[in-house]
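Let's take a walk through this structure, starting with its open spaces and working towards its packed interior. Keep the viewer open as we go.

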Amino acid sequence: MEADLLARAEWIKYIACFFNKEALADSLYNEVSIRYQTLADQVINTPGEKPLVLSGDNFRGTWYQPGGRNFIATLFKDAGGRYLYAADTTSGSIPLSFEQVYKDLGEADVWVGATSGHSLAELKAHDHRYSLFKPFRNGQVYAYTNRVTEAEGNDYWERAVARPDELLADFIHLFHPACLPDHTFMYLKKLPQ
């Protein structure tokens with residue numbers, strides 16, 4: 001429930017205590033922390049609009065958006081995105097109806113974390129109302145599925161916790177491509193038609 005990606009990565013120091021690897025853990029964490037902060041600082045003065053971000057998708061009648069104190073909301077901010085629920089004080093998720101999310105974020109610029117399909121067609125087959133959202137219409141829907149094994153193991157749930165700098169780079173490239181023009185997505189994958 002850490003509200004900050006670096007705080008989540010810092011757990012490496014706790015785990016290192018069990019293996020007598022505290023110095024190595026400190027070194028690794030410091031490297032990741034410095035790179036994360038350098039990337040976040042790079043975005044602070046980026047000219048232009050901050051894209052409005054929609055997250056997740058409808059699950060059994062409820063659309064869970066990250067609370068304002070959730071690490072995902074912090075990631076959106078650090079990457080130079082605009083998140084409608086950033087002022088919310090929830091550290092978990094905010095359960096919303098489909099209709100509320102459409103009212104609030106139907107005109108979002110980008111949609112991340114879609115889980116209901118591997119393509120826009122599959123997403124629409126899951127719920128035809130998804131096609132009403134601007135990011136769907138503009139082909140700006142992304143999932144955390146760029147590093148998935150044949151057995152459906154997803155590296156987003158493994159490596160991204162320890163390497164929030166890589167995840168931040170993905171989001172900066174998505175929100176402000178000119179900041180990291182040579183970056184290739186590590187975790188994010190644009191849903192094809």
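By class, the lining of the largest pocket splits into 11 nonpolar, 11 polar and two charged residues. Bear in mind that you're looking at a predicted model. The pocket itself has a volume of about 570 Å³, and 24 residues line it. If you want to find its centre in the viewer, pick out Gly56, Gly113, Thr115, Tyr144 and Trp157, the lining residues that lie nearest to it. As for secondary structure, strand S3 (62-66) and helix H4 (71-78) each contribute at least two lining residues. S3 is the top contributor here, with three residues.

Now for the runner-up. The second largest pocket comes in at about 220 Å³, and its lining has another make-up: nine nonpolar residues, three charged ones and no polar ones. Helices H1 (5-9), H2 (11-16), H3 (22-44) and H8 (159-162) are the elements that give two or more residues to this lining. H3 gives the most, with four. Going through the wall residue by residue, you'll meet Arg8, Ala9, Trp11, Ile12 and Ile15, then Leu28, Tyr29, Glu31 and Val32, and finally Val161, Ala162 and Arg163.

What about space that is closed off? How many cavities of 30 Å³ or more are there? The count comes to one, with a volume of about 70 Å³. Its walls are made by Leu5, Arg8, Phe71, Tyr156, Trp157, Ala160, Val161 and Leu167. H1 and H8 are the elements that supply two or more of these lining residues. Seven of the lining residues are nonpolar and one is charged, with no polar ones. Some names should ring a bell: Arg8 and Val161 line the cavity and also the second largest pocket, while Trp157 is in the cavity wall and also among the residues nearest the centre of the largest pocket.

Phe71, another of the cavity-lining residues, takes us to H4. This helix is mostly covered, with seven of its eight residues buried. The buried ones are Phe71, Ile72, Ala73, Thr74, Leu75, Phe76 and Asp78. What does the covering? The elements over these buried residues include helices H1, H3 and H9, along with strands S1 (53-55), S3 and S5 (110-112). So much for H4, which also helps to line the largest pocket, giving at least two residues.

Next, the nonpolar packing. As a rule of thumb, nonpolar side chains in soluble globular proteins tend to be buried together. The largest nonpolar core in this model has 54 residues, and Trp111, Val112 and Phe171 touch the most other members. Helix H9 (residues 164-175) gives the most to this core, with seven residues. Trp111 deserves a closer look. Leaving out residues up to four places away in sequence, Trp111 touches Leu54, Ser55, Gly56, Asp57 and Trp63, then Leu123, Tyr130, Pro135 and Phe136, and also Gln140, Val141 and Tyr142. Gly56, one of those contacts, is also one of the residues nearest the centre of the largest pocket.

Two backbone oddities are worth checking too. Most residues other than glycine have a negative phi. Arg60 has a positive one, near 55°, and sits in the loop between strand S2 (58-59) and S3. Is Arg60 buried or exposed? At 77% relative accessibility, Arg60 counts as exposed, because the cut-off for that class is over 50%. Glu152 also has a positive phi, near 75°, and is found in the loop between strand S6 (141-143) and H8. With 56% relative accessibility, Glu152 counts as exposed as well.

Finally, zoom out. The protein has nine helices and seven strands in all. Its radius of gyration is 17 Å, close to the 16 Å that the globule rule gives for 193 residues, so the protein is as compact as a globular protein of that length. The C-alpha trace spans about 55 × 40 × 35 Å along its principal axes, and 47% of the 193 residues count as buried. As for how the chain meets itself, take the contacts between residues at least 6 apart in sequence: 69% of them join residues at least 24 apart.

Key. Residues are numbered from 1 along each chain as its sequence is written. This is a predicted model: local features need pLDDT of at least 70, side-chain atom pairs count only at pLDDT 80 or more; totals for chains, interfaces and linings use all residues. Side-chain values use heavy atoms; hydrogens and water are left out. On a 1 Å grid over the protein atoms alone, a cavity is a set of points where a 1.4 Å probe fits but cannot get out, and a pocket is an open set with protein on both sides within 12 Å along at least five of seven lines; lining residues have an atom within 4 Å of a point. Grid points are joined across faces, edges and corners, and a volume is the space filled by probe spheres set on the points. Ala, Val, Leu, Ile, Met, Phe, Trp, Tyr, Cys and Pro count as nonpolar, Asp, Glu, Lys and Arg as charged, and the others, Gly among them, as polar. Buried means under 20% relative accessible area, exposed over 50%, partly exposed in between (1.4 Å probe, protein chains only). A nonpolar core is a set of buried Ala, Val, Leu, Ile, Met, Phe, Trp, Tyr and Cys residues joined through side-chain atoms within 4.5 Å. Contact means heavy atoms within 4.5 Å. The radius of gyration is taken over C-alpha atoms; the globule rule is 2.2 Å times the number of residues to the power 0.38.
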